[in-house]
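Please explain how this protein is put together on the inside, starting with how exposure is judged and then moving through its cores, its helix packing and its aromatic pairs.

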Amino acid sequence: PHKLVIAGKKAFGHEAVSMAINRFAVHDDVIIAGYVHREELPLLMNGAEAFVFPSLYEGFGIPPIEAMACGTPVITSNTSSLPEAVGDAGIMVDPHDIKDIAEAIYRVVSDNNLRQEMRSKGLERVKLFSWHRSAQQILNLFESFSR
């Protein structure tokens, strides 16, 4: 009963995704949204059962934090900064392990209690992050250097 929505600009590997969609004839189950404007992201995330972000390289993890702020359960990589950003509010997967990712998606979409728990934890987790708090921490760091 679910659709896979792939959002974002075409990047490395998009040809392989298109080939897989054609190979497995899942055109009706996959929506390639392309680039989604910032203003539209909350609408997309609010309508999702899960936000899946198996990133290989991530600077901080803003997309999963944005998803949690929308109350969307997050499945993300167990690499780079993502475990620190998401904490225990999301499910961590090996981004190279398709079975691990698929099992996490199945768990989230098939277990309403798990989704509710992840939503609650995610909404609590995002309270730790704000642009104001980040700016204040940077200012405090600069002030400590100037002393």
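A residue counts as buried when its relative accessible area is under 20%, as exposed when that value is over 50%, and as partly exposed in between. The model shown here is a predicted one, and the terms just given will be needed again when the aromatic rings are discussed.

A good place to begin is the largest nonpolar core, which has 14 residues. Those with the most contacts inside this core are Met-45, Phe-51, Ile-65, Ala-67, Met-68 and Val-74. At least two residues of the core are supplied by each of helix 2 (41-46), strand 3 (51-53), helix 3 (62-69) and helix 4 (82-86). Apart from this core lies another one, made up of nine residues, among them Ala-50, Ile-75, Ala-104 and Leu-114.

Phe-51 deserves a closer look. With its neighbours within four places in sequence left aside, Phe-51 is in contact with Met-45, Pro-63, Pro-64, Ala-67, Thr-72, Pro-73, Val-74 and Ile-75. Its relative accessibility is 16%, so Phe-51 counts as buried.

Phe-51 also takes part in one of the two aromatic pairs. Its partner is Phe-53, and the two rings are stacked, lying 5.6 Å apart from centre to centre with 20° between their planes. Phe-53 is buried as well, because its relative accessible area is 17%, a value that falls under the 20% limit.

Another aromatic pair is formed by Phe-60 and Phe-129, whose arrangement is edge-to-face, with 5.7 Å from centre to centre and 75° between the planes. Phe-60 lies in the loop between strand 3 and helix 3, whereas Phe-129 lies in the loop between helix 6 and helix 7 (131-146), so the pair ties together parts that are 69 residues apart in sequence. Phe-60 has a relative accessible area of 41% and is therefore partly exposed, and Phe-129, at 26%, is partly exposed too.

The remaining step concerns two helices. Helix 5 (residues 98-110) and helix 6 (residues 112-125) pack with their axes 5 Å apart and at an angle of about 95°, and the two helices are therefore roughly perpendicular to each other. Where they meet, Arg-107, Val-108, Val-109 and Ser-110 come from helix 5, while Asn-112, Leu-114, Arg-115 and Met-118 come from helix 6. The residues of this contact divide into four nonpolar, two polar and two charged. Leu-114, named here on the side of helix 6, is also one of the residues of the nine-residue core described above.

Methods. Residues numbered from 1 in each chain as written. Predicted model: local features only at pLDDT ≥ 70, side-chain atom pairs only at ≥ 80, totals over all residues. Heavy atoms only, no water. Core = buried A, V, L, I, M, F, W, Y, C linked by side-chain atoms within 4.5 Å. Buried < 20%, exposed > 50% of the residue type's maximum accessible area, 1.4 Å probe, protein only. Helix = DSSP H or I, 4+ residues; strand = E, 2+ residues; numbered from the N terminus. Contact = heavy atoms within 4.5 Å. Axes fitted to C-alpha atoms, helices over the stretch in contact; angles between N-to-C directions. Parallel < 35°, antiparallel > 145°, perpendicular 65-115°, else oblique. Nonpolar A, V, L, I, M, F, W, Y, C, P; charged D, E, K, R; others polar. Phe/Tyr/Trp six-rings, centres within 6.5 Å; stacked < 30°, edge-to-face > 60°.
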